[in-house]
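Q: Please take a close look at one strand of this model and describe how the chain around it is arranged. Some context on the rest of the assembly would also help.

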Amino acid sequence: MAQRVVRPKTNLGPGFWPVTAFIVVLSAVCVYVVETLPLPIGLIQAGAPADAIDSLFRFLGAVAAVIFNVVVIYTVYFAIAFRRPKGAPASMIGVQIHDAPVLEFWWTAIPTILVIILAIFSTKIWADLQNSQGDVLTIEAIGYQFGFQFRYPKLANPVTNELHLPANTPTTIHITSRDVIHGFWIPELRMKADMVPGLINTIRVTPTVPGTYHIICTEFCGIAHGRMQATAVIETQQDFAKWFAKQGGQQAAAGGGSAAGAAVALDQGKADAGQTLFGQKCSACHSTGPFAQKLVGPGLGKIFNDPDHPKLVNGAAATPQDVAAIVKSGFTGDIGTMPSAQMNQLSNSDIANLVAYLVSLSKK
Amino acid sequence: MATIAPGVQTGPYHAVLDHIHPEPTSFIRKYIFSIDAKVIGIQYMITGAIFFMIAGMLAEIIRTQLLSPDGAIVSPATYNSIYSMHGSAMVWFVVIPLLTGAFGNFVMPLQIGARDVAFPWLNLVAFWMFPIAGVILFSSFLIGAPDAGWTEYPPISLQGPPGTNLWCIAVFLIGVSSTMTGINFLVTIYKMRAPGMTFTRMPLFVWAQFATAPLSFIATTALGAALAALFIERVFNVPFYDPHRGGSPVLWQHMFWFYSHPAVYIMIIPGFGMISEILPTFTRKPIFGYKMIAFSSVAIALLSFSVWAHHMFTSGMVPWLQLPFMIITMVIAIPTGIKIFSWMATLWGGAINWKTPALYATGFLITFTYGGLTGFFLAAVPADYHEHGTYFVVAHFHYVLYGGSIMSLFAGLYYWWPKITGRMYNETLGQIQFWLTFIGFNGTFTPLHWLGLLGMPRRVPNYDPSWTFIFWNRFASISSYVMTLGALLLVYILIDSLRNGKKAGPNPWGARTLEWMISSPPPYYNYKKIPAVLAAPYDFGNPLPYIGLEAAPGAVEATPTSASHPVPTY
């Protein structure tokens with residue numbers, strides 16, 4: 001079949017060189033901006049290794065911006081410059097070129113070189129992290145459903161949901177989990193490791209900027225995963241020493257007969273101690289508002305004084321003893337499982353304190 | 001008489017190729033339990049489209065929930081099930097079956113000039129496992145759907161609701177189905193090409209299916225074993241993964257990603273193939289660098305087996321082992337880059353006919369490049385320490401899976417729709433649909449990179465109530481409604497085309513590959529006589545026709561010519 005061949009412009013197109021100049025200028029601007037931004041990902045750097053990892057972000061960002069500019073701008077330009085002209089016959093064809101070995105050589109060679117450079121740069125930063133100093137302070141972090149526990153050397157009892165780190169101290173954190181896989185992430189340090197039961201992962205950080213940051217769980221771990229957060233307090237070494245001493249004192253004083261009695265003696269409960277515990281153990285899933293203010297479970301603010309919900313979730317009357325029984329044994333209902341006191345590491349006196357706190361809430 | 005190029009030998013024609021099985025007459029054998037690859041392809045398409053709509057609605061529930069930092073509409077437990085089912089359905093019941101089962105079955109045998117796939121009955125079995133597995137998967141909503149994400153990492157998946165068992169069964173079944181399809185396609189492409197269709201004359205979509213098929217049946221076995229172990233542990237209490245009883249949770253991750261990383265390429269290489277078909281047709285040019293594109297598919301397929309642990313940089317493994325996985329992951333960028341540059345060069349110098357498939361192919365080029373570049377951020381181990389498990393990952397894989405796989409699926413759907421149904425679609429609406437999808441998609445997923453870097457973890461029903469988080473989450477959610485509007489418009493376009501579309505004729509796009517040489521929709525037997533292939537598939541300027549028939553499209557009745565090259569051995 002005879003085909004009428006109408007050849008389009010076989011040159012690079014009318015605007016090729018201006019477009020190329022535009023790409024060069026834009027890429028230069030992008031690289032300049034990425035390299036000079038104080039915070040390339042928009043998040044403060046609270047210590048090592050944030051700086052090293054951000055330098056990798058800068059480098060990757062600059063390379064990616066250049067490649068993206070080249071691909072997108074040329075694509076859009078070709079799309080416009082080489083559209084079929086209005087009124088052109090349907091038999092019009094494009095430039096019949098199959099390949100161009102020199103061009104193909106270069107666009108294989110240049111990405112290969114880029115990959116090598118990126119791999120070397122990443123490996124260098126990776127090696128720096130592996131060799132970084134830790135060990136001045138060694139902490140253990142243990143995840144559980146749904147919170148974090150931190151163990152310090154020379155501290156008898158673990159600290160829950162609040163990690164204190166002294167500034168300018170190379171710190172090693174050994175990370176594991178008691179039940180399922182959790183994540184341990186401090187975004188401001190750009191550092192993360194999974195908390196895997198039966199396995200210890202180790203990270204090394206050197207915090208520098210005092211402040212209060214979040215520790216976020218990044219592996220799905222159950223119903224309250226979205227609320228599994230802890231606080232990382234980076235403080236000066238003096239403040240840390242004060243906190244440490246206070247912690248040791250308090251913990252030693254409370255260390256007495258916690259696991260003793262089998263029955264829960266509720267009359268001993270202290271509402272203020274219960275309030276602290278509630279913040280650590282319960283507030284991931286329960287608010288202190290009215291019943292309807294649900295997080296995962298119902299709000300507990302009026303649990304003993306709620307005409308709309310006179311019964312507990314297990315059908316028992318809302319008495320302090322019955323509430324204590326649920327806290328003790330845990331409960332599995334339609335929306336999920338509330339862990340038992342054993343899982344939550346609550347002693348009987350802890351339960352008494354919690355119930356006392358809930359009673360005080362209902363009186364307000 | 002046939003047109004024969006100088007230098008092409010003619011040889012004896014094999015009469016055995018002319019044998020045509022009679023077409024079944026009963027409704028059931030024709031439309032329900034058909035062994036015709038074209039019918040099976042359409043069945044895959046319809047089933048996949050239904051699952052796509054369900055999984056898409058789940059996605060909208062997710063985005064609606066995230067309108068408010070405390071979770072707007074569903075409880076955390078429901079939310080967990082919804083995103084888990086969204087991911088599972090999209091990966092195993094939408095993208096993989098649509099790219100291989102649907103388009104592979106309909107287009108690939110036509111493109112190689114075969115009457116059917118090598119094992120039509122196996123094809124029938126493979127298809128019917130798909131809707132059955134889908135029903136099993138979605139019925140898990142009745143007894144408590146799985147809630148630990150599509151990756152179902154133990155030990156949390158061991159605590160999951162009873163529906164997790166159904167999830168194991170459904171994914172196992174779809175894995176077996178995809179293994180069957182993989183073997184079937186590999187044999188079909190290797191043994192059943194028309195005379196004269198050498199490997200270098202194969203359309204690139206066929207090359208893509210050829211590179212994908214071994215991935216399906218090699219990698220899926222690892223997933224099958226992992227799923228069987230998870231099921232046994234959940235039901236019969238044999239501890240494979242529970243660390244408290246000597247199991248290893250990381251074992252699951254290795255087995256799962258040994259499948260799921262190659263699966264990423266099962267989900268994109270056929271898409272590459274579609275783009276490589278569409279660009280030459282609409283630019284009226286040969287594809288630039290045919291061999292490089294074909295071989296890079298194979299290179300990607302091979303490399304994809306040695307990168308799985310880049311999903312596990314924070315999970316705990318010997319530190320030095322992170323380096324080879326990082327480097328091989330980065331190396332994959334080279335063949336991928338070659339493809340992208342080749343497609344750009346195909347656009348250059350074209351006489352581009354801007355129809356919807358071409359728009360989608362170009363949109364794909366942009367979004368997929370973006371997704372590939374963020375992949376680099378994740379491959380670099382130290383950067384991954386920050387990004388792992390955050391919305392950055394979510395944004396990245398939606399860029400490659402929606403911006404890559406789904407965009408190429410839409411491109412392929414518009415491109416082959418006239419062939420499949422014999423009717424054209426409404427071009428204006430098609431282009432509007434493209435822009436809705438393209439703008440909505442970018443608006444949804446670009447902000448998520450940012451959110452992830454700033455500290456938003458994956459799989460959470462609530463988030464930090466600071467204004468940055470609220471603003472960008474709402475921006476993403478509202479953009480996702482635009483994307484959904486695009487998907488709904490597509491449904492209207494297709495129904496409208498079936499009812500009012502004008503007749504397409506055999507070759508509405510003026511393409512050169514074999515499937516366009518026969519009527520639309522193709523007859524039961526595909527080719528009355530098996531055509532002989534004389535030239536490369538995309539030579540629009542070549543006066544020599546692609547097949548040895550009278551060159552006019554649709555002239556299948558003419559005497560075929562046997563060319564110099566292999567005669568199929570079936």
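A: What follows starts with strand 6 of chain A, then turns to the contact between the chains and to a helix pair in chain B.

The model is predicted. Strand 6 of chain A covers residues 171-177, and five of these seven residues are buried, so the strand is largely enclosed by the rest of the structure. Strand 6 pairs with strand 2 (residues 137-144) of chain A in the parallel sense, through seven bridges. Within this pairing, Leu137(A) stands opposite Thr171(A) of strand 6. Strand 6 of chain A also pairs with strand 9 (residues 201-207) of chain A, here antiparallel and over five bridges. In that pairing Ile175(A) has Asn201(A) of strand 9 as its bridge partner.

Next, the contact between the chains. On the side of chain A, 79 residues are in contact with 75 residues of chain B. Helix 2 (50-81), helix 3 (101-131), strand 8 (191-195) and strand 10 (211-216) of chain A each contribute at least two residues to the side that touches chain B. That side of chain A consists of 48 nonpolar, 21 polar and ten charged residues.

In chain B, helix 4 (residues 120-143) packs with helix 6 (residues 163-191) at an angle of about 165°, and their axes are 8 Å apart. Because of that angle, helix 4 of chain B is roughly antiparallel to helix 6 of chain B. The crossing of these two helices of chain B is left-handed. The residues of the contact between helix 4 and helix 6 of chain B comprise 18 nonpolar and seven polar, with no charged residues.

Note on methods. Residues numbered from 1 in each chain as written. Chains lettered and ligands numbered in written order. Predicted model: local features only at pLDDT ≥ 70, side-chain atom pairs only at ≥ 80, totals over all residues. Contact = placed C-beta atoms within 7 Å. Helix = DSSP H or I, 4+ residues; strand = E, 2+ residues; numbered from the N terminus. Nonpolar A, V, L, I, M, F, W, Y, C, P; charged D, E, K, R; others polar. Axes fitted to C-alpha atoms, helices over the stretch in contact; angles between N-to-C directions. Parallel < 35°, antiparallel > 145°, perpendicular 65-115°, else oblique. Left-handed = near helix turned anticlockwise from the far one by under 90°. Buried ≥ 20, exposed ≤ 12 C-beta atoms within 10 Å, placed from the backbone. Pairing = 2+ DSSP bridges.
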